[in-house]
Amino acid sequence: MMTHPIRIAPSILAANFSQLGQEVRDVVDAGADWIHLDVMDGHFVPNITFGPDVIKSLRPHTQATFDCHLMISPADPFLEAFAKAGCDIITVHAEAGPHLHRSLQTVRSLGKKAGVSLNPATPESVIEYVLDAVDLILVMTVNPGFGGQKFIGAMEEKIRRIKAMVGDRPIEIEVDGGIAPETADIVARAGANVLVAGSAIFKGDSVEAYRGAIEAIRSPAEKARA
Ligand SMILES: O=C(CO)[C@H](O)[C@H](O)COP(=O)(O)O
């Protein structure tokens, strides 16, 4: 089976929005592998965050992978703007519609990695026929919209099933929501390799605090896979 390294992707949803450039630089200095960008439209999810212009303004601050999670519906009219803004991975929701396979094809045609995300209530079967069109599967471990929620334990089995579905394909499996030192081992053992964390990392207020928080998630995840 394909094994990707454990990657920690801090979600800037929990960062200080008044100084996002500095926050991105700090968290990368602290050991973040990717930067997770949560885009919300107030329609697909009950919250609004930021769009491509903010991402474009963050792009010069780091060379780290920009992992963009689109919680917007429809996503297709905006895919090109997010690609041009500098996102490296663009993840759309399976539930956002109307044509998941077309959205994924569009992302790849823009030269970006294509991700698909599943809400907690969505069964993994919806991605069975798009597996060859995806580079990343994002399993939401909370209902999308807000940081600081409790990890939904039933998602452990979903991650396990997705890992089995993926087989030898070089697909990264990402989890998002309630990821902390206490849940990192559970998701990694089930098969996730990209761990998004917002509040567990940005609760600190210095590079050193971010470094400790990232390590506190990475360490149990790596041990669980050893
Ligand atoms: O996508 C999200 C919510 O839709 C957030 O990235 C996610 O909830 C991370 O926040 P936390 O680590 O605080 O749970």
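These legends accompany close-up views of one predicted model.

**Conventions.** Residue numbers start from 1 along each chain, as its sequence is written. The model is predicted: local features need pLDDT of at least 70, side-chain atom pairs count only at pLDDT 80 or more, and totals for chains, interfaces and linings use all residues.

**View 1. The whole protein has eight helices and eight strands.** Helices (H or I, at least four residues) and strands (E, at least two) are DSSP runs, numbered from the N terminus. The radius of gyration is 16 Å, close to the 17 Å of the globule rule for 226 residues, so the protein is as compact as a globular protein of that length. That radius is taken over C-alpha atoms, and the rule is 2.2 Å times the number of residues to the power 0.38. Along the principal axes, the C-alpha trace spans about 45 × 40 × 30 Å. Of the 226 residues, 46% count as buried. Buried means 20 or more other C-beta atoms within 10 Å of the residue's own; exposed means 12 or fewer, and partly exposed lies in between, with C-beta atoms placed from the backbone.

**View 2. Eight strands form an open sheet with parallel pairing.** The strand order is β1-β8-β7-β6-β5-β4-β3-β2. β1 (7-10) and β2 (34-40) stand at the edges with a single partner strand each, so one side of each is left without a neighbour in the sheet. The twist averages 25 degrees from one strand to the next. Two strands pair if DSSP finds at least two bridges between them. Angles run from 0 to 180 degrees between N-to-C directions; axes are lines fitted to C-alpha atoms, for helices over the stretch in contact.

**View 3. Edge strand β2 runs parallel to β3, joined by seven bridges.** W34 of β2 stands opposite T65 in β3. From β2 the chain crosses through helix α2 (residues 52-58) to β3, in a right-handed β-α-β crossover. Right-handed means that, with the strands pointing away from the viewer, the path from the first strand over the helix to the second runs clockwise. Both faces of β2 are covered. W34, H36, D38 and M40 are buried on one side, and I35, L37 and V39 on the other.

**View 4. Strand β6 (residues 136-140) has five of its five residues buried.** L136, L138 and M140 point one way; I137 and V139 point the other. Four bridges join β6 to the parallel β5 (residues 113-118), where V116 stands opposite I137. Five bridges join β6 to β7 (residues 172-176), again parallel. Here M140 stands opposite D176. β6, helix α5 (residues 155-166) and β7 make a right-handed β-α-β unit.

**View 5. V139 and L195 have the most contacts inside the largest nonpolar core.** That core has 74 residues. A nonpolar core is a set of buried Ala, Val, Leu, Ile, Met, Phe, Trp, Tyr and Cys residues joined through C-beta atoms within 7 Å. Leaving aside neighbours within four places in sequence, V139 is in contact with residues including L118, M155, I162, I173 and A192. Contact means C-beta atoms, placed from the backbone, within 7 Å.

**View 6. Helix α6 (residues 181-190) buries T183, A184, I186, V187, A188 and A190.** The buried residues of α6 pack against α5, β7, β8 (194-197) and α8 (207-225). Just after α6, G191 takes a positive phi of about 130 degrees.

How values were computed:
Two residues are in contact if their C-beta atoms, placed from the backbone, lie within 7 Å.
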